[in-house]
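Here are some exercises to work through with the model open beside you. Try each task before you read its solution.

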Amino acid sequence: MAPPGPAGAHPTSAEPLSRSVFRKFLLTLCSLLTSLYVFYCLAERCQTLSGPVAGTPGRGVLAGGPGELAAWPAAARRKRLLQVRPRPRRRPPSQRDDREEAAGEEEPPGLAGSLGGSGAGSSVAETPPGTLALLLDEGSKQLPQAIIIGVKKGGTRALLEFLRVHPDVRAVGAEPHFFDRSYDKGLAWYRDLMPRTLEGQITMEKTPSYFVTREAPARISAMSKDTKLLVVVRDPVTRAVSDYTQTLSKRPDIPSFESLAFRNRSAGLVDRSWSAIQIGLYAEHLERWLRHFPARQMLFVSGERLVRDPAGELGRVQDFLGLKRIISDKHFYFNQTKGFPCLKKAEGSGRPHCLGKTKGRPHPEIDAQVLRQLRDFYRPFNRKFYQMTGHDFGWDG
């Protein structure tokens with residue numbers, strides 16, 4: 001029998017037990033503190049994602065910033081905020097190798113491919129700062145319901161950038177060139193280029209070469225017979241000179257405008273095979289499109305009026321697309337230096353924005369007699385085009 005220990009001493013077996021309880025207490029406390037810290041970090045992260053966004057109230061896009069968020073039910077608010085995340089920016093699979101289009105219709109730096117408020121100029125699926133908080137739905141990629149199909153040097157880039165101000169328009173920034181160059185890649189590939197949209201929003205793209213591509217009308221019709229088509233047209237003589245000016249800026253050694261425009265200058269024989277001339281035969285190109293689409297699904301936008309009265313022309317476009325008239329005079333100011341209208345606040349930015357430096361580029365001097373001969377050449381084509389569209393664009397005055 002073991003001798004008793006000193007008075008007041010505890011049994012030695014109790015010491016390991018007390019240490020074990022203390023260790024468990026410390027582990028529990030550390031776990032609790034770690035969980036609280038992680039929760040705090042997540043809460044702080046979600047607050048940084050809930051900034052103001054361009055959008056339409058009631059369509060799942062936060063319109064007024066953090067204050068607006070308070071109106072949502074608490075459970076739904078926590079759930080959606082924790083799911084919000086920026087989408088990766090992706091470049092289109094094929095770069096814009098349309099050398100004649102690239103300079104004149106170039107992607108504005110700061111707006112390229114924004115998918116946001118107005119235009120989802122999606123990168124060919126890109127995201128603008130404004131759409132990090134799609135609170136009700138992450139959206140889905142749809143085939144375009146509207147396409148700007150032409151014409152080159154008509155003002156297609158301006159129309160696209162102006163439309164991207166509208167909160168219900170999501171538009172690919174770069175030109176996909178699907179129906180003329182990449183059709184063999186299939187509609188699934190094409191859809192993947194599109195920005196994500198919410199219900200009630202329109203997906204758009206623009207590729208001006210479609211208008212003069214023989215296969216494009218049938219291919220777009222096969223995708224959807226309900227596709228709405230927009231064509232920005234401009235005085236074909238001025239358009240041809242602008243086209244030549246763009247090419248000249250990249251290839252200063254090309255022949256003169258006169259030598260390219262005529263097969264026989266003295267006889268006044270115009271060379272229709274030159275692309276700068278051929279694109280302006282609007283009536284001939286339109287005949288192909290009307291075999292596949294009714295006239296009511298096509299809107300012809302005046303490139304001249306888009307410069308003189310952008311808000312008025314955008315009003316027609318918004319009506320055609322079934323959009324509420326949101327884009328108005330308050331969105332524009334006229335840049336006297338460039339001779340073009342600019343946006344007071346570009347999509348995804350609070351600063352004024354004008355199109356690229358290639359816009360408003362001075363044209364070379366062209367002999368007045370050459371211009372008169374070209375106007376005589378285009379006159380019968382223009383008149384036929386006026387009859388087909390029901391609108392006199394005034395190019396023969």
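**Exercise 1. Find the residues that D243 touches, leaving aside its neighbours within four places in sequence.**

Solution. Contact here means heavy atoms within 4.5 Å. With the close sequence neighbours set aside, D243 is in contact with K152, K153, A276 and I279. Next, place the residue: D243 is in helix α9, where helices (H or I, at least four residues) and strands (E, at least two) are DSSP runs numbered from the N terminus. Last, check the accessibility. Buried means under 20% relative accessible area, exposed over 50%, and partly exposed in between, with a 1.4 Å probe and protein chains only. D243 has 2% relative accessibility, so it counts as buried.

Before going on, a word on the ground rules. This is a predicted model, so local features need pLDDT of at least 70 and side-chain atom pairs count only at pLDDT 80 or more, while totals for chains, interfaces and linings use all residues. Residues are numbered from 1 along each chain as its sequence is written, and side-chain values use heavy atoms, with hydrogens and water left out.

**Exercise 2. Work out how α9 and α15 pack, and which residues make the contact.**

Solution. Start with the geometry. Helix α9 covers residues 236–250, and it packs with α15 at an angle of about 125°, their axes 9 Å apart. Axes are lines fitted to C-alpha atoms, for helices over the stretch in contact, and angles run from 0 to 180 degrees between N-to-C directions. Angles under 35 degrees count as roughly parallel, over 145 as roughly antiparallel, 65 to 115 as roughly perpendicular and the rest as oblique. So α9 is oblique to α15.

Now the residues. From α9 come P236, V237, T238 and V241, and from α15 come L371, L374, R375, Y378 and N382. Sort them by type: six are nonpolar, two polar and one charged. For that sort, Ala, Val, Leu, Ile, Met, Phe, Trp, Tyr, Cys and Pro count as nonpolar, Asp, Glu, Lys and Arg as charged, and the others, Gly among them, as polar.

**Exercise 3. Search the whole structure for disulfides and describe what turns up.**

Solution. The criterion is a pair of cysteine sulfur atoms within 2.5 Å. The search gives one disulfide. C342 and C354 form it, with their sulfur atoms 1.8 Å apart. C342 sits in strand β11 (residues 340–343) and C354 in the loop between β11 and α15 (368–389), 12 residues apart. The torsion about the S-S bond of C342 and C354 is about 100°, so the disulfide is right-handed. Both C342 and C354 are buried. For contrast, look at C30: at 45% relative accessibility, C30 counts as partly exposed.

**Exercise 4. Trace the hairpin formed by β10 and β11.**

Solution. Two strands pair if DSSP finds at least two bridges between them. Strand β10 (residues 332–335) and β11 pair in the antiparallel sense over four bridges. Put partners to the ladder: Y333 has C342 as its bridge partner, and N335 stands opposite F340. Then cross the turn. Four residues lie between the two strands, and G339 in the turn has a positive phi of about 75°. As for F340, its 26% relative accessibility means that F340 counts as partly exposed. F340 and R308 are 32 residues apart in sequence and 8.3 Å apart in space, C-alpha to C-alpha.

**Exercise 5. Decide how enclosed α14 is, and by what.**

Solution. Count first: nine of the 11 residues of α14 (residues 310–320) are buried, so this helix is largely enclosed by the rest of the structure. Among those buried residues are E313, L314, V317 and F320. They pack against α5 (156–163), β6 (228–233), β9 (298–302), α13 (303–308), β10 and β11. Just after α14, G322 takes a positive phi of about 75°.

**Exercise 6. Write down the strand order of the five-stranded open sheet.**

Solution. The order is β3-β5-β2-β6-β9, and the pairing is parallel. The edge strands are β3 (169–171) and β9, each pairing on one side only. Neighbouring strands of this sheet are turned by 25° against each other on average, direction ignored. At the β3 edge, β3 and β5 (residues 202–206) pair over three bridges, and R170 has T203 in β5 as its bridge partner.
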